[in-house]
Amino acid sequence: MQWTSPNPFLTGAYQPVFDERNDVDLRVRGKIPDGLDGVFMRNGPNPQFEPDPHYAYPFDGTGMVHAVYLDNGAARYRNRWVLTDELARERAAGRRLFNSTFSAPPHANLANTNIVHHGGRYLALYEGGAPYEMDRELATVGRYDYQGALPDVMSAHPKADPVTGELLSVQYDLDTGMLHYLRACRNGTLDRRVAFPAPWPAMVHDIAITQRYVVAILGPFVFDFSGKGPPASWQPGRGARVALIPRDAHEASQVKWISAPPFFNWHIVNAYEEDGRIELVLPWYESFSLGAPAKRLELHRLTVHIDQGRVEDRVLDDRPCEFGRINDAYLGRNARYGYVGLRDPYPQQPAQPGAFEAIARYDLASGQKVVHRFAPGMTACEPVFAADPQGSREEDGYILTFVHDAGSETGLFLILDARNLSGEPVATIALPRRVPAGLHGSWIAD
């Protein structure tokens with residue numbers, strides 16, 4: 001059953017698709033790099049049944065995972081909804097049963113924000129519910145609770161340490177203001193769940209890791225469900241807080257909070273620790289609200305002086321950007337290069353959050369920026385790094401992304417050379433139909 005909606009979060013690059021496909025022998029312009037074998041998976045909102053009028057990106061919409069499989073120079077595409085318990089109930093009823101995030105209950109686990117591979121499992125993640133396990137061909141296995149060790153929700157943005165293999169995350173509760181630090185070992189066993197209170201109820205969408213710490217940032221976007229006012233408000237007088245959580249923490253008293261000037265962030269590109277300080281690079285918002293767009297969105301570097309308990313803030317670039325990634329082999333270490341979706345709309349072309357007109361590579365040591373700008377009407381999703389199997393340097397690899405063309409019902413999957421980002425794509429893979437703008441994903445090499 002197909003439908004259309006005038007909601008701006010359900011049109012343009014956001015417009016959902018209604019078919020689950022399996023397309024093989026895709027047409028390739030250029031050449032898929034030798035040895036680049038594996039699967040690229042990306043999750044994102046794609047409601048099957050028409051939502052209520054309060055639907056908003058990125059908070060709503062049942063998850064759909066889109067995957068491109070690369071094998072010895074050939075490509076195939078597959079997409080599937082994450083078959084949550086709630087979606088199964090809606091399919092049985094033939095209509096929507098659950099409401100959007102900022103409407104009255106009931107609400108669903110949307111499983112729509114990310115998909116990661118850890119401990120041999122593919123996990124579709126949503127910060128308001130437990131993970132859902134899928135298999136490599138995107139069949140939903142079911143709700144996954146770490147053999148009963150995870151009693152409720154997880155996080156949409158865990159970070160996998162490339163050395164230890166641990167999966168680290170922070171779960172938040174907007175009703176109680178409690179946070180939980182979660183750690184899963186390389187084999188997928190959840191061996192740490194530490195509760196600690198936040199200064200106020202706020203989202204912790206993403207985290208950073210260093211070799212000793214998990215870093216969580218609490219902006220003054222404060223939630224209050226008492227009904228006395230809006231569900232969330234910007235309160236800059238509180239400032240921001242940076243939580244430093246020892247990775248081997250067992251109790252709340254081990255968490256150190258450091259005050260910072262007010263700002264908001266969704267994501268963190270990377271962090272590392274050196275000489276008693278933690279360096280973080282992130283897209284930085286001057287303020288945030290549920291209605292109006294941010295006045296300033298820039299790329300910043302925060303320096304957290306651990307023993308002195310203070311934070312320095314420096315602008316790296318004043319161009320709006322989001323969805324930062326690095327070569328994941330350098331996560332939590334001093335990575336030189338960061339890749340972001342860059343907002344660079346053409347004249348008369350309205351910008352849509354989560355859809356980027358360009359991708360940029362920042363040299364975080366020199367400040368140099370290299371940009372790949374797409375043609376008018378074309379927007380890209382999150383830039384995901386895939387290491388060149390024949391390379392040895394941090395920058396040896398490729399940037400993978402879906403591209404949406406506003407004038408077409410078909411789609412594209414691009415492979416860009418990270419070493420020559422401004423150049424022509426190494427390979428352009430034609431998809432039989434468009435892939436809507438989404439959220440986060442992973443490259444899983446064979």
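Helices (H or I, at least four residues) and strands (E, at least two) are DSSP runs, numbered from the N terminus. The structure is a predicted model, in which local features need pLDDT of at least 70, side-chain atom pairs count only at pLDDT 80 or more, and totals for chains, interfaces and linings use all residues. Residues are numbered from 1 along each chain as its sequence is written, and side-chain values use heavy atoms, with hydrogens and water left out.

A good place to start is helix H1, which spans residues 85–93. Its buried residues (under 20% relative accessible area; exposed is over 50% and partly exposed in between, with a 1.4 Å probe and protein chains only) are Glu86, Leu87 and Glu90. Viewed down the axis of H1, these residues fall within an arc of 95° (taken from the directions from the helix axis to the C-beta atoms), so they line one face of the helix. On the face turned away from that buried side sit the exposed residues Arg89 and Ala92. Among the elements covering the buried residues, through contact (heavy atoms within 4.5 Å), are strand E5 (74–81) and strand E8 (132–134). Just after H1, Gly94 adopts a positive phi of about 75°.

Next comes a sheet. Four strands form an open sheet in the order E20-E21-E22-E23, with antiparallel pairing (two strands pair if DSSP finds at least two bridges between them). Strand E20 (270–274) and strand E23 (310–317) stand at the edges with a single partner strand each, so one side of each is left without a neighbour in the sheet. E20 pairs with strand E21 (residues 277–285) in the antiparallel sense over 5 bridges. Within E21, Leu280 is the bridge partner of Ala271.
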